Amino acid sequence: MAQSGRRDAPELPDFSLLKRLARDQLIYLLEQLPGRKDLFIDADLMSPLDRIANVTTLKQHEVDKLYKVELKPIVSTADQLCFLIRPRIQTVKWISDVVNLDKAAGRLRRYKIIFTPQKFYACEAVLEEQGVFGDVTCDEWAFYLLPLDDDIISLELPEFFRENFLEGDQRWVGAAGGALRLIHSLYGPFSKVYGIGQCAKMVYESWREQVEDGEQKTQQPEIGNVFLIDRDVDFITPLCSQVVYEGLVDDIFRIKCGSVEFGPEVTSSDKSIKVMLNSQDKVFNEIRNEHFSNVFGFLSQKARNLQTAYDKRRGMDIQQMKAFVSEELKGLKQEHRLLSLHIGASECIMKKKTKQDFQELLKTEHSLLEGFEVRECVSFIEEHINRQISMIDSLRLLCLLSLTENGLLPKDYRSLKAQYLQSYGIEHLLTFSNLKQMGLLVEQQPGETLTVMESKVGKLVNDKTAGKLTDAFSSLAKKSNFRALSKRLVLIPKSGEEYDLRVPRDMAYIFSGAYVPLSCKLIEQVLERDGWTGLEEITRMLNGHEFAVSGGANGTESRIKADSQRIVLVMFLGGCTYSEISALRFLGRERGYKFIVVTTAITNSGRLLEALLDNHP
């Protein structure tokens, strides 16, 4: 099991305060519209809202009926309508239509829009254009952060990745800066802030501006170091198949806001069950970071231990039985229920992920990462595409091939692209354009053409007159440099060496010992060196934008609470995977750190690539 390591890691801050603050502010905003009202909620806000304020809480504050925003005519008969939405123009236009239809019918109602986490000028401009600006009141619910577990906090902004990295829309940078400001104000000053990536730099600057504008607090620091990292610094890691338990559960059952719905195939009944997956679930907490090959052994041992605990009842007298029922039985029954569910989930994963196809897929991934048998890998990808096994998996393998080989050979690119379009539809032409723009799937340029193009684009992006140009342009000629990075950072453990997945020796265990995640390796190196010194060549290959600055905590405070120096907050901009979270937990146990992961959203290869599809909403 991967639970060994140092035992002196500090205690994590209590993030339940974030939930209480968000709930109190929402209640305050709802009470600004006194009396009975119907509440319309954006679909992607329903799960986060459920973690903050359930239906009972909303009913207590005069919310009569709840509706999902569906962008169609409403059936509500209430005299007051409240809309809890993300600041999206399409939704604001729909609200404007609702108001205008009521006006045309001579119906008088009161309307309130609550934007979260903030409202944008564009939304107010739409209300003005539609002639309803004076008919609605607008507010902001500064709900930036949702704690999913003791060490995972999410902004629940899955659109951040596509909008920032593909479309060059930086509107969510302020929200990420606001999230950092909230953590800073509640949990004390940071001693050091490190970062890499253009977006990371902008988020840092946004946070500094907000802190300078607000009041300075001199409280005890609870978090020492902060690390900001852009998703496009490391695309390889989220494109690799997850093999730790929590990652597999997310891939197959989809974890939403820290909970998962297990269907009849898991529950062995005709019902589905919704389960919270966090450290409160003792069974899950012990297997979440484990390589899947270790999970069944643990679960069967757990089942034997549970049976032994139940068997204690035999031979008890009345007094002992009474104590057993009041003190132990309820806990044992709960553990038994959770154990049954995780065994059922593991069986489902086994059926789907231990087939020959999956083993071949993993072998191909590992060959690509190591740079071995590349022609065989190309043949496997062709077969995968032509058999139409999985549209997303085919795309994932193409991207891995491109990233690990610094682009595809022109003949391979044309051939594989043609085969993909024939198998999955000509409409994916735009998908290939999106992937090229992101640097995920590119064609190798002959000779020095790429270098020349890179320098021209780099010059253009650095030109002050073109200040608005973003990563969307610079990535047109971006090279991954994976081979060189892999060699310098030792991302691929030596082949031929036996890797014991039961007693992992490094973070590579999350990918069966084949690859140490680049994102986590960078974090490890920077913390070790207390900055980027000695990593200049690495940062150059990653297109730079690295920084390391003092966060504002003075030396006295740091000495008073030395524990905080070993608590590291890592903010992933563009999403992070459960595999990366498991790797950081492992690193923390080895080095005596505690990592807090803050992410714009939890992602995986499927969600990352779906965000770049041509038909993305």
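A residue is called buried here when its relative accessible area is under 20%, exposed when that area is over 50%, and partly exposed in between. By that cut-off Ser394, at 0% relative accessibility, counts as buried, a statement that refers, like all that follow, to a predicted model.

## Overall composition

The protein has 617 residues, of which 55% count as buried, and its secondary structure comes to 27 helices and 14 strands. When contacts between residues at least 6 apart in sequence are considered, 78% of them join residues at least 24 apart.

## Ser394 and its surroundings

Ser394 belongs to helix H17, which covers residues 391-404. The side chain of Ser394 makes a polar contact of 3.0 Å with the side chain of His384, and, once neighbours within four places in sequence are set aside, Ser394 is in contact with His384, Ile385, Tyr420 and Tyr424.

Helix H17 also carries a salt bridge between the side chains of Asp393 and Arg396, with an N to O distance of 3.1 Å. Because these two residues are 3 apart in helix H17, about one helical turn separates Asp393 from Arg396. The partners differ in their burial class, since Asp393 is partly exposed at 21% relative accessibility, whereas Arg396 is buried at 1%.

## The parallel sheet

An open sheet is formed by 5 strands in the order E2-E1-E3-E4-E5, with parallel pairing. Its edges are strand E2 (63-68) and strand E5 (136-140), and each of these has a single partner strand, so one side of each is left without a neighbour in the sheet. On average, and with direction ignored, neighbouring strands of this sheet are turned by 20° against each other.

Within the sheet, strand E1 (residues 37-41) pairs with strand E3 (residues 80-85) in the parallel sense over 4 bridges, and Leu39 has Cys82 in E3 as its bridge partner. Helix H4 (residues 89-104) lies across E1, E3, strand E4 (110-115) and E5, and runs at about 170° to E3.

A salt bridge is found in the loops that adjoin these elements, where the closest N and O atoms of Arg88 and Asp42 are 3.4 Å apart. This pair links distant parts of the chain, 46 residues apart, with Arg88 in the loop between E3 and H4 and Asp42 in the loop between E1 and helix H2 (43-52). Arg88 is partly exposed, with a relative accessible area of 21%, while Asp42 is buried, with a relative accessible area of 5%.

## Salt bridges compared

The structure holds 35 salt bridges, including the three pairs listed below.

| Pair | Closest N to O distance |
|---|---|
| Arg88 and Asp42 | 3.4 Å |
| Asp393 and Arg396 | 3.1 Å |
| Arg591 and Glu524 | 2.8 Å |

The salt bridge of Arg591 with Glu524 links distant parts of the chain, 67 residues apart, with Arg591 in helix H26 (residues 578-591) and Glu524 in helix H23 (residues 518-529). Arg591 is partly exposed at a relative accessible area of 33%, and Glu524 is buried at 10%. Apart from these pairs, a network of salt bridges links Asp149, Asp151, Glu246, Arg288 and Arg585.

## The E6-E7 hairpin

Strand E6 (residues 146-149) and strand E7 (residues 152-154) pair in the antiparallel sense over 3 bridges, and a hairpin joins E6 to E7 through 2 residues. Within this pairing, the bridge partner of Pro147 in E7 is Ile153.

## Nonpolar cores

In soluble globular proteins, nonpolar side chains tend to be buried together. The largest nonpolar core of this model contains 172 residues, and Trp141, Leu145, Phe253, Tyr515 and Met571 are the members that touch the most other members. For Met571, with residues up to four places away in sequence not counted, the residues touched are Leu155, Ala176, Ala179, Leu180, Val203, Phe227, Leu228, Ile229 and Val598. A second, separate core has 21 residues, among them Phe115, Val132, Val136 and Cys138.

Notes. Residues are numbered from 1 along each chain as its sequence is written. This is a predicted model: local features need pLDDT of at least 70, side-chain atom pairs count only at pLDDT 80 or more; totals for chains, interfaces and linings use all residues. Side-chain values use heavy atoms; hydrogens and water are left out. A nonpolar core is a set of buried Ala, Val, Leu, Ile, Met, Phe, Trp, Tyr and Cys residues joined through side-chain atoms within 4.5 Å. Buried means under 20% relative accessible area, exposed over 50%, partly exposed in between (1.4 Å probe, protein chains only). Contact means heavy atoms within 4.5 Å. A polar contact is a pair of N or O atoms within 3.5 Å; within protein, one must be able to donate a hydrogen and the other to accept it, and residues adjacent in sequence count only if both atoms are side-chain atoms. Two strands pair if DSSP finds at least two bridges between them. Axes are lines fitted to C-alpha atoms, for helices over the stretch in contact, and angles run from 0 to 180 degrees between N-to-C directions. A salt bridge is a side-chain nitrogen of Lys or Arg within 4 Å of a carboxyl oxygen of Asp or Glu.
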